[in-house]
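Please open the model in your viewer and keep the selection tool at hand. The stops below say what to select next and what is there.

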Amino acid sequence: MLDLLVTNANLPDGRINMSVAVQAGKITEVTMGLTAPAHQTLDAGGMLLAPPFIDAHFHMDATLSYGLPRVNASGTLLEGIALWGELKPLLTYDALVDRAMAYCDWAVANGLLAIRTHVDVCDPSLLAVDALLDVKKHVAPYIDLQLVAFPQDGVLRGKEGSDQHMANLKRALDKGVDVIGGIPHFERTYADGTLSIKLLCELAAERGLLVDMHCDESDDPLSRHVETLAFETRRLGLQGRVTGSHLTSMHSMDNYYVSKLLPLMAEAQLNVVANPLINITLQGRHDTYPKRRGMTRVPELLAHGVNVAFGQDCAMDPWYSLGSGDMLEVAHMGLHVGQMTSQAAMRQCFEMVTTNAAKVMRLEGYGLEVGCNADFVLLQARDVIEAIRLRATRLKVFRRGKLLAECAPATSELHVAGRPLQTSWMV
Ligand code: FE2
């Protein structure tokens, strides 16, 4: 007898009336109209059953700290970094864990079951690293949390040129942090930025680790560290293991240069994470009008075969005052900022918060195929485009075939004479 059988589900690839059978936490069958005895049966009622949402770029050490010790008045990236510097000495282990756990509750409710979070390693106590490693253990039964050792202040910007930040980063990796981070555009000079990429990629090659760098997060059209990242990736044989996050300068780059850059990125099999919510608010702040959008060139990257995901990046922290762990909100914003309005492009936006993001994190057993983990979300929408349009309610969230969260359908009672009594915004 099956553990769970979901019937009458629409799948993200367009198949309808599908049944998904689950045994021992794995998907054992995906077939149209299957009926079989099961301990638990769920009639999806023609709603969309999708693999869980994945956030490939987040900062869980800063989340839910909005207003501490003050808010970001200018709304810029640089004031956000300065503000985080003011907050860091005030952080406590308990507060870091409490805020991260609260965010993870939001994530589960939203069907967000894997998160790659950067964690600042510039504080020699590595307080945030210890806190998030503990959070990772706590949430492991329901969220895959991947940590990136992120030298927020610049890996080469230790006091008086010391290598303290690099030493901290290595200690964080020794403690069990999974991925190597960086921030070349924030190093003191362009040359230091280039050197930081070389050193960090060499460290990744030496330790057999993945790389995910904040890269070129500015409106400077000449910030071209992504080129070095692609070069080092190929030189060290790290193809497919390296991610460039943000890459907002690509928005402002010369088109001719980009025509050369895109094939280099594809050749290096770089992953890209764009963060539309945060970058539409942070970038273009030095512009009058017209104001640049400041999101990297998502449709062009996809057209060149580059794997691109959308990330949440921030939720209620020194850089961004909103956010709720809702990856459909992220996809919705990315769709608008990237003008990705064709049917195919809207479907790609859904993939960028599911399958493409899973590829960035190199998650195993992800998807709605036989043999995959029985992790899925039932959405109050009939297809992926409707899911994005409505930021659809997560009716049920399953992990390894067990129910983690559920929510009543969003409907509104109408009191309008001669009209239907209820509406749910679906067509
Ligand atoms: Fe970030």
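Throughout this tour, a residue is called buried under 20% relative accessible area, exposed over 50% and partly exposed in between, with a 1.4 Å probe and protein chains only. This is a predicted model, in which local features need pLDDT of at least 70 and side-chain atom pairs count only at pLDDT 80 or more, while totals for chains, interfaces and linings use all residues. Residues are numbered from 1 along each chain as its sequence is written, and side-chain values use heavy atoms, with hydrogens and water left out.

Begin with the iron ion, and select His 57, His 59, His 214 and Asp 313, whose NE2 atoms (for the histidines) and OD (for the aspartate) lie 2.2 to 2.4 Å from the metal. Donors are N, O and S atoms within 2.8 Å of the metal (3.2 Å for Na, K and Ca), and the site may look incomplete because water is not among the atoms. The angles among the four donor atoms run from 84 to 169°, and the site is irregular; four donors count as tetrahedral if all angles lie between 85 and 135 degrees, four count as square planar and six as octahedral if opposite donors are over 155 degrees apart and all others between 65 and 115, and anything else is irregular. His 59 lies in the loop between strand E6 (53–58) and helix H1 (77–87), and His 214 in strand E10 (residues 210–215), so this pair ties together parts that are 155 residues apart in sequence. Helices (H or I, at least four residues) and strands (E, at least two) are DSSP runs, numbered from the N terminus. His 59 is buried at 6% relative accessible area, and His 214 is buried at 3%.

Next, select Tyr 103 and Trp 106, which are three residues apart in helix H2 (residues 93–109) and so separated by about one helical turn. Tyr 103 is buried, with a relative accessible area of 0%, whereas Trp 106 is partly exposed at 32%. Add Phe 58 to the selection to see one aromatic cluster made of Phe 58, Tyr 103 and Trp 106; rings of Phe, Tyr and Trp (its six-membered ring) pair if their centres lie within 6.5 Å, and planes under 30 degrees apart count as stacked, over 60 as edge-to-face and the rest as tilted.

Finish at strands E15 (residues 394–399) and E16 (residues 402–406), which pair in the antiparallel sense over four bridges; two strands pair if DSSP finds at least two bridges between them. Val 397 has Ala 405 in E16 as its bridge partner.
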